[in-house]
Amino acid sequence: MSDGTATTTTDLDVRLEKHRVELTGYCYRMLGSSFEAEDAVQDTMVRAWRSYDKFEGRSSLRSWLYRIATNVCLDMLTAGNKRARPMDLTESTPLAQAALSPRPDHTWLEPAPDTRVLPTTDDPAEAAVAKESVRLAFMAALQQLPPKQRAVLILREVLAWKASEAAELLGTSVASVNSALQRARATLAEQRQPGADAAVSDPLDEEQRKLLDRYVAAFEGYDMTALTELLHEDAIMTMPPFDLWLTGAGDITGFMTTMGAPCAGSRLVPVEVNGLPGFAQYKPDPEAGGFTPWAVQVLEISGGRITGFHCFLDTKRWFPLFGLPLHLEAEADEVEQGV
């Protein structure tokens, strides 16, 4: 390989990498899976690299990459699998009947670190739209749409593409794009998703920061009275990969003091996930000491209360994705106190 070819290859790699985060966000919205989105983008990059000599520049490099990514996602969605949340699949279970029944990984809508799916922008309005479009409720609504409607809605309403641009990307007409968008909007309007009322400021306002501080204190202290005061009366708790979900502060705190009792004494580390506040939960490790990963928590907030409390338990997958350690050492004062 000549120096000139090496330089061209390096330049192309740099140009492609500039689009990785936004493409990952797009594929994540399409697929509902963090890991499948990463795979789809990697496939997109490989295809683009291999076929770049055929890229004639009739569209921008960005548009060309989105066309490739869309085709990759549509191919992946031909199996018809729609990822879901527990409340999309079953009725709420009373605490007295609670049982932990897992379902396969491909069943579930997955969490995503903000840094992997939300490109940086100086436009506050653009940033707000991007965050809202990866929140769990909106992601669950997207999963109800046929794949091409899903693509049209994301391109038009999230990424603000013109109808003509979306039509060119999808190889269809403007009329077809407008019709698909109208049908997608109608479907979303009919299906009210739990969590759709989540109202989180960007950045968090003072009231929300105080609410989260109180939540951390209540959870780490396993103070159910304090936690009850923070939960909305219709708050929802989910725990994928289990299909169980609970409604109401009484059943949530009741579960935490019975089946969830080993979580007492946990530590919470803040994470930015799905455009919402969240925490990595580490519970005490009685064998090795310190704390071991237990869940990535995603919180939905509305009206000064926590309305959604979603715990993703497959920590061997999630913690590395978020760049989180797989063990926390106990602090000196905790060791002295035998915590």
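Let's start with a single residue: D243 is buried, with a relative accessible area of 15%. Buried here means under 20%, so D243 falls on that side of the cut-off. Keep in mind as you look around that this is a predicted model. You'll find D243 in strand β2, which covers residues 242-247. Leaving out residues up to four places away in sequence, D243 touches P86, T90, S101, R103 and W108.

Step back a little from β2 and you meet a loop that sits between β1 (231-239) and β2, and P241 is found there. What kind of peptide bond joins P240 and P241? It's a cis bond, with omega at about 15°. That's worth a pause, since most peptide bonds are trans, and most residues other than glycine have a negative phi.

That second habit has its exceptions here too. Take A160, where phi is near 60°, a positive value in a residue other than glycine. A160 lies in the loop between α9 (147-158) and α10. Y222 is another case: its phi is positive, about 50°, although Y222 is not a glycine. Y222 also belongs to a loop, the one between α12 (206-220) and α13 (224-230). Are these residues buried or exposed? A160 is exposed, with a relative accessible area of 62%, whereas Y222 is buried, at 16%.

Now for the inside of the model. In soluble globular proteins, nonpolar side chains tend to be buried together. Here, the largest nonpolar core has 100 residues. The ones with the most contacts inside this core are Y26, C27, M30, Y215, M237, M256 and F309. Which helix gives the most to the core? That's helix α4, residues 61-76, with nine residues. To get a feel for one of the core's well-connected members, pick out Y215. Not counting residues up to four places away in sequence, Y215 touches L227, L230, L268, F279, Q297, L299, I306 and F309.

Next, let's see how some helices pack. Two packed helices are described by the angle between their axes and the distance between the axes. Follow α4 to where it meets helix α10 (residues 163-170): the two axes come within 9 Å and cross at roughly 55°. The two helices are therefore oblique to each other, and their crossing is right-handed. On the α4 side the contact uses S63, Y66, R67 and T70, while α10 brings E168, L169 and L170. Sorted by type, the residues of this contact divide into three nonpolar, two polar and two charged.

A second pair is α2 (residues 20-31) and α3 (residues 34-51). Their axes come within 8 Å and cross at roughly 130°, so α2 and α3 are oblique to each other. The crossing of α2 and α3 is right-handed. From α2, the residues R20, L23, T24, C27, Y28 and L31 meet S34, E36, A37, E38, A40, V41, Q42 and M45 in α3. The residues of this contact divide into eight nonpolar, three polar and three charged.

One of those α3 residues makes a good last stop. Q42, found in helix α3, is partly exposed, with a relative accessible area of 40%. If you look from Q42 across to I301, you're comparing residues 259 apart along the chain, and their C-alpha atoms are separated by 34 Å.

Conventions:
Residues numbered from 1 in each chain as written. Predicted model: local features only at pLDDT ≥ 70, side-chain atom pairs only at ≥ 80, totals over all residues. Heavy atoms only, no water. Axes fitted to C-alpha atoms, helices over the stretch in contact; angles between N-to-C directions. Helix = DSSP H or I, 4+ residues; strand = E, 2+ residues; numbered from the N terminus. Parallel < 35°, antiparallel > 145°, perpendicular 65-115°, else oblique. Left-handed = near helix turned anticlockwise from the far one by under 90°. Contact = heavy atoms within 4.5 Å. Nonpolar A, V, L, I, M, F, W, Y, C, P; charged D, E, K, R; others polar. Core = buried A, V, L, I, M, F, W, Y, C linked by side-chain atoms within 4.5 Å. Buried < 20%, exposed > 50% of the residue type's maximum accessible area, 1.4 Å probe, protein only.
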